[in-house]
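Colleague: I am new to this structure and would like to understand how its descriptions are justified. Could you take me through the reasoning, value by value?

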Amino acid sequence: MMSLSSYLTIALIAILFSFASSRIETSTSEDNFLQCLYSYSHNSTSFSKLVYTKTNSNYSSILQFSIHNLRFATNKASKPLVIITPKEISHIQATIICSQNHGLQIRVRSGGHDYEGLSYVSEVPFVVIDLIDFKAIEINVESRTAWVQTGASIGELYYAISRKSRNLAFTAGICPTVGVGGLFSGGGHGLMLRKYGLAADNIIDAYIIDVKGRFLDRQAMGEDLFWAIRGGGGASFGVIVSWKIKLVQVPSIVTVFTVPRTLEQNATKLIHKWQYVASKLDESITIHIIIKRVNSTSSKKGESNSTVQALFQALFLGGVDKLIPLVQEKFPELGLVRDDCSELSWIESVLYIFGLNGVKHEVLLNRVIGEKDIFKAKSDYVKTPISEIGLEGIWPMFYEDGAKDSMMVLLPYGGKMDNISKSETPFPHRYGNLYIIQYEVHWYQEGDEAEKLHINWMRKLYSYMEPFVSKSPRSAYLNYRDLDIGVNNKIGYTSYKQASIWGVKYFENNFKRLAKVKTKVDPLNFFRNEQSIPSLVSEGHK
């Protein structure tokens, strides 16, 4: 286990920016904040080496590098008073205390993937704690555990595990550049969730710095707070520094396949049938579907050159000889054959699923893979199969102008997910959910007109889907953050009732317990954002 002393080794790097574009005026200066950090440090020598830039810094150019949704990397983005890149626990502690002293909010960046930019932008005076240098990973093969710091990416974690063992892995996300901090604290699911559950289901300890600046492990923080940060979003409760995770076993050989089917190849009927079988297959196999518009190779002259394609992609924890009979028995309509399949190591399957088949494993260490763009996303849960007629109503929308570079991703649940109580962690979407839908629309053109076109299209599709998805509440997944479903007040008090508008959609009945934990550990609601858990302390008592 990583000790506290192992963190306290290297000097702080901080970059300071003017707060030119905030809607709220603050009298705090960069120098005043810097002096506060210095005074609260137990090791002031490190602060004498501070590197900083005063004013006139182009925050949008910083965001172009550090975030993954360029919708928020514009000149309109509000600038933090200070960006701290800590290399010691004391730097985080000092930032928390000084932010409270100076009336500033905190945004914590792990991988920069927050769908609505909440880890790096704000409309009120704020500072950013960028944990990019908190990325140490320690693997213990004998105990099948690992300590991973919050700033590490999923790719870095996967790579580190693979270097130690071919038969150990971790159940988390598909995108390797996502930071573990946000992913773990929001749930974290991928193609092994039917066998091993979520990332949050496999966390056994954590280090967090609370509102008082205390450095706490699981025992010190207590079981209520430990429960809350495993699916309830860590940013509401403190700054999580590290996670201890339970690694999972995988065979030396796993099997993957990708089977594309267009509308002309009966994609509608295949998706319809998939809904009945995907969550009930052997828990070692997960078949997800990626639905998108593609160029048609079979269209006749004069007809549209586009069609809708469903890409059936799977991971099976075993060899192809066992996989083929399983699929042919339960889902023969797919027409899976051996030539569709590839036998790989688990780490090779990670690359395959992300579209990097055959690429060297070291690519997983890159913090940026591929081209960044602008996007908007939403999510839904499906409890009852959608009819063929219902599915057919979706397809015309994929031909609209706003739908270019859009997709729907359908990920089945079932298996282990059905056997974990809704209240085991804050993540409630367990038994009764057939699959989750992630809606995405991507674009590259900057400007309000392009943004309006694509987001309006997304909202139109979301509106169409309402009769077919979960109800009371219409559930959503925290890690696919969507501010359309409700927000807290940007300034001042937000009641539990108001926050419940969005809170019960993410957490269902667990939202009340999250609010009670919040009230206990952060009663004055210092750690807050547009969708943070509210404190039950009333406005008049703050």
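**Reasoning from values to terms**

Modeller: In this predicted model, Cys36 and Cys98 form a disulfide, with their sulfur atoms 2.1 Å apart.

Colleague: What makes the pair Cys36 and Cys98 a disulfide?

Modeller: The rule asks for a pair of cysteine sulfur atoms within 2.5 Å, and the sulfur atoms of Cys36 and Cys98 lie 2.1 Å apart, so the pair meets the definition of a disulfide. By this rule the count comes to one disulfide. The pair links distant parts of the chain, for Cys36 belongs to helix α2 (residues 30-40) and Cys98 to helix α5 (residues 89-101), 62 residues apart.

Colleague: Why is the disulfide of Cys36 and Cys98 called left-handed?

Modeller: The torsion about the S-S bond of Cys36 and Cys98 is about -95 degrees, and the disulfide is therefore left-handed.

Colleague: How do you know whether Cys341 is buried or exposed?

Modeller: Cys341 has a relative accessibility of 13%, and since buried means under 20%, Cys341 counts as buried. Cys175, with a relative accessible area of 25%, is partly exposed, because that term covers values between 20% and 50%.

Colleague: How do you know that the span of α5 agrees with its number of residues?

Modeller: At 1.5 Å a residue, the 13 residues of α5 should span 18 Å, and its end C-alpha atoms are 19 Å apart, which agrees.

Colleague: Why is α5 described as largely enclosed by the rest of the structure?

Modeller: Of the 13 residues of α5, 10 are buried, so the helix is largely enclosed by the rest of the structure. Among the buried residues of α5 are Ile89, His91, Ile92 and Cys98. After α5 comes Gly103, whose phi is positive, near 70 degrees.

Colleague: What makes helix α6 (residues 154-164) largely enclosed?

Modeller: Eight of the 11 residues of α6 are buried, so α6 is largely enclosed by the rest of the structure. The elements against which its buried residues pack include β5 (137-140), β10 (239-246) and α13 (346-353).

Colleague: Why is Asn510 called buried?

Modeller: The relative accessible area of Asn510 is 8%, and because the cut-off is under 20%, Asn510 is buried. Asn510 is found in helix α17 (residues 510-521), and its side chain reaches the backbone oxygen of Pro426 at 3.0 Å. Leaving aside neighbours within four places in sequence, the residues in contact with Asn510 include Trp227, Lys422 and Phe427.

Note on methods. Residues are numbered from 1 along each chain as its sequence is written. This is a predicted model: local features need pLDDT of at least 70, side-chain atom pairs count only at pLDDT 80 or more; totals for chains, interfaces and linings use all residues. Side-chain values use heavy atoms; hydrogens and water are left out. Helices (H or I, at least four residues) and strands (E, at least two) are DSSP runs, numbered from the N terminus. Buried means under 20% relative accessible area, exposed over 50%, partly exposed in between (1.4 Å probe, protein chains only). The expected span of a helix is 1.5 Å times one less than its number of residues. Contact means heavy atoms within 4.5 Å. A polar contact is a pair of N or O atoms within 3.5 Å; within protein, one must be able to donate a hydrogen and the other to accept it, and residues adjacent in sequence count only if both atoms are side-chain atoms.
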